[in-house]
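Reader: I am in my first year and would like to learn how to read a protein model carefully, one question at a time. Could you show me the structure before we begin?

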Amino acid sequence: MNPHPAGKTVLFVAGEFPPIKTIGRLRATKFVEHLRDDGWSPIVLTIAADPGTPGYDPALEAEVPAGIEIIRVPWSTIEARVVSGIKGLLGRPSAPSSAASAGPPPGAPQASSDAARPPLYPRDLALSAVKWTIRNWVEVPDNYGGWANRALAAARELCRTRTVDLVFTTLPPFSAAKIGYRLKREFGIPWVVDYRDLWVGDVLREWVGPVRGRIEQSLERRYMRAADLIVAVSEQKTEFLKTHLPNSPARRETLTNGYDPEIFAPYLAEPRQPHDTIDFVFTGRLFKNRRGYAFAEALGQLAEREPRLRSRVRVHILGGVSPEIRARYDEILARYGLADVYRFAGDIPYHEAMRAQVQADYLLLIVDTGATASGVIPGKLFEYVAARRPIFALTDPGATQEIIERGRLGIAVPAEDVAACRTALAQWLGRPVPERLDADEQYLAQFDRRQISARLSRLLQQLV
């Protein structure tokens, strides 16, 4: 326990927080927990989630540390409200105005298919045009703008009635940056910005066109001129932000994501069940630039040479898959006769995903591709570290590859290099599945979330 920050209140602005099942929630939840253990008094400002909220998992309420003060603000989108109003005028059933009508988080798979869609009428086309316009030119930088405005009002009231010593904003959602910016300008409270993902320049936001990109860059740079400390999750992202935000006086630091040994301890205590097949497990979503086709292609080519692999190997995709990516998988699997090898389970409860990771023979890690992919370190990597099973990673050279190789966690092959994937996969399938992972525990200790949180606490102390 560090006595120095005792009594200091940090307002923790986190759009992703339990019971919303995103990987970003873990960083926020654990920072809050460990900062409190280090003497801080955290107050969380987040979304009011309910069964209609995308990614809602009530079991995740157990992750929230007991006694943490939480301010939950309702989330609805401009698109949902406008579409609901138009449908009302047209005499059609209105969509709910809550976040439920916002659909899955950005990039998440949709449930519909072209074959199931009814014919489009002029009013449907008009409605689609309205949706496109709102998504691309109104909900900028994301569809959390309405939530951020309401959350800002709640934060202002908090700062007027109580002492808040520091504001910590974790991004995304990027609209949340407005909250920290306004509180710094209006109340002079030190502001820390935590970039889990890049705002401008991220591999998952390459769909943003040049005009909107310039608008967002101008907004980001204006906000970040008020920041006191900017944190990123990899050295590559930290260096990018130094160049990308040249006018920000903020100090730049790197605090990676991490793993939590205590979360996985109960699952690691369970005996591993014997498998009749060699099981590769991927837990997470496949969308946009995160695809993993090279693994399916490589496995298919090996199965053409050695047909018995079709009965020896199973690949479990435990998470959502966007329609266009699933369609491409269906083509690959049909071509190589692998339809029975791949299992697409869809979203599953978090505790089931953790158990599947521990019970896997091998863990499949699929990392985003793109211009800034070298700085991507998925939060999923650290879950895999905690699960202590060998990792077969599809990732371009960079931070993720370095951690896997230095930590002796498995193998990393270029994300879209089928030949390299085929060579590595043949080697793994030609050897016995290891019973335990011979990792470099001394190297991996730096990624224990308690140590990372302790570094964060020291940085915050310097600001207050």
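Author: The questions and answers below go through salt bridges, strands and helices in this model, which is a predicted one.

Reader: How many salt bridges does the model have?

Author: Side chains of opposite charge can pair when their charged atoms come close. Here a pair is accepted when a side-chain nitrogen of Lys or Arg lies within 4 Å of a carboxyl oxygen of Asp or Glu. By this rule the count comes to 32 salt bridges.

Reader: Which residue of helix 3 forms a salt bridge with Glu-79?

Author: Glu-79 belongs to helix 2, residues 78-89, and its partner sits 56 residues away in helix 3, residues 122-138, so that this pair links distant parts of the chain. Glu-79 is buried, with a relative accessible area of 11%, whereas the partner is partly exposed at 45%. The N to O distance in this salt bridge is 2.8 Å, and the partner is Arg-135.

Reader: How many residues apart in sequence are the parts tied together by Arg-290 and Asp-368?

Author: Arg-290 and Asp-368 form a salt bridge in which the closest N and O atoms are 2.7 Å apart, and both residues are buried. Arg-290 lies in the loop between strand 8 and helix 9, while Asp-368 lies in the loop between strand 11 and helix 13, so the parts that this pair ties together are apart in sequence by 78 residues.

Reader: About how much of a helix separates Arg-326 and Asp-330, and what is the reason?

Author: Arg-326 and Asp-330 form a salt bridge, with 3.0 Å between the closest N and O atoms. Arg-326 is partly exposed at a relative accessible area of 33%, and Asp-330 also counts as partly exposed, at 38%. Because the two residues are four residues apart in helix 11, residues 323-336, the separation is about one helical turn.

Reader: Is Glu-297 buried or exposed?

Author: Glu-297 has its place in helix 9 and is linked with Arg-328, Glu-331 and Arg-335 in a network of salt bridges. Its side chain also joins that of Tyr-336 in a polar contact of 2.9 Å, and, leaving aside neighbours within four places in sequence, its contacts include Ile-332 and Val-418. Since a residue is called buried under 20% relative accessible area, and Glu-297 stands at 10%, Glu-297 counts as buried.

Reader: How many of the 13 residues of helix 9 are buried?

Author: Helix 9 reaches 19 Å from its first C-alpha to its last, which is close to the 18 Å expected at 1.5 Å a residue. Its buried residues include Tyr-293, Phe-295, Leu-299 and Gln-301. Helix 9 is largely enclosed by the rest of the structure, because the number of its residues that are buried is eleven.

Reader: Which residue in strand 5 is the bridge partner of Leu-171?

Author: Both faces of strand 4 are covered, with Leu-166, Phe-168 and Thr-170 buried on one side and Val-167, Thr-169 and Leu-171 buried on the other. Strand 4 pairs in the parallel sense with strand 1, residues 9-14, over five bridges, and there Val-13 stands opposite Thr-169. Five bridges also join strand 4 to strand 5, which run parallel, and together with helix 5 these two strands make a right-handed β-α-β unit. In strand 5, the bridge partner of Leu-171 is Tyr-195.

Reader: Which residue in strand 13 is the bridge partner of Phe-392?

Author: In strand 12, residues 391-394, Ile-391 and Ala-393 point one way and Phe-392 and Leu-394 the other way, and all are buried. Strand 12 runs parallel to strand 11, to which four bridges join it, and there Phe-392 is the bridge partner of Leu-364. Four bridges also join strand 12 to strand 13, again in parallel, and these two strands make a right-handed β-α-β unit with helix 14. In strand 13, the bridge partner of Phe-392 is Ile-411.

Reader: What distance separates the C-alpha atoms of Glu-405 and Asp-440?

Author: Glu-405 has its place in helix 14 and is partly exposed, with a relative accessible area of 45%. Glu-405 and Asp-440 are 35 residues apart along the chain, and the distance between their C-alpha atoms is 9.7 Å.

Notes
Residues are numbered from 1 along each chain as its sequence is written. This is a predicted model: local features need pLDDT of at least 70, side-chain atom pairs count only at pLDDT 80 or more; totals for chains, interfaces and linings use all residues. Side-chain values use heavy atoms; hydrogens and water are left out. Buried means under 20% relative accessible area, exposed over 50%, partly exposed in between (1.4 Å probe, protein chains only). Two strands pair if DSSP finds at least two bridges between them. A crossover is right-handed if, with the strands pointing away from the viewer, the path from the first strand over the helix to the second runs clockwise. The expected span of a helix is 1.5 Å times one less than its number of residues. A polar contact is a pair of N or O atoms within 3.5 Å; within protein, one must be able to donate a hydrogen and the other to accept it, and residues adjacent in sequence count only if both atoms are side-chain atoms. Contact means heavy atoms within 4.5 Å.
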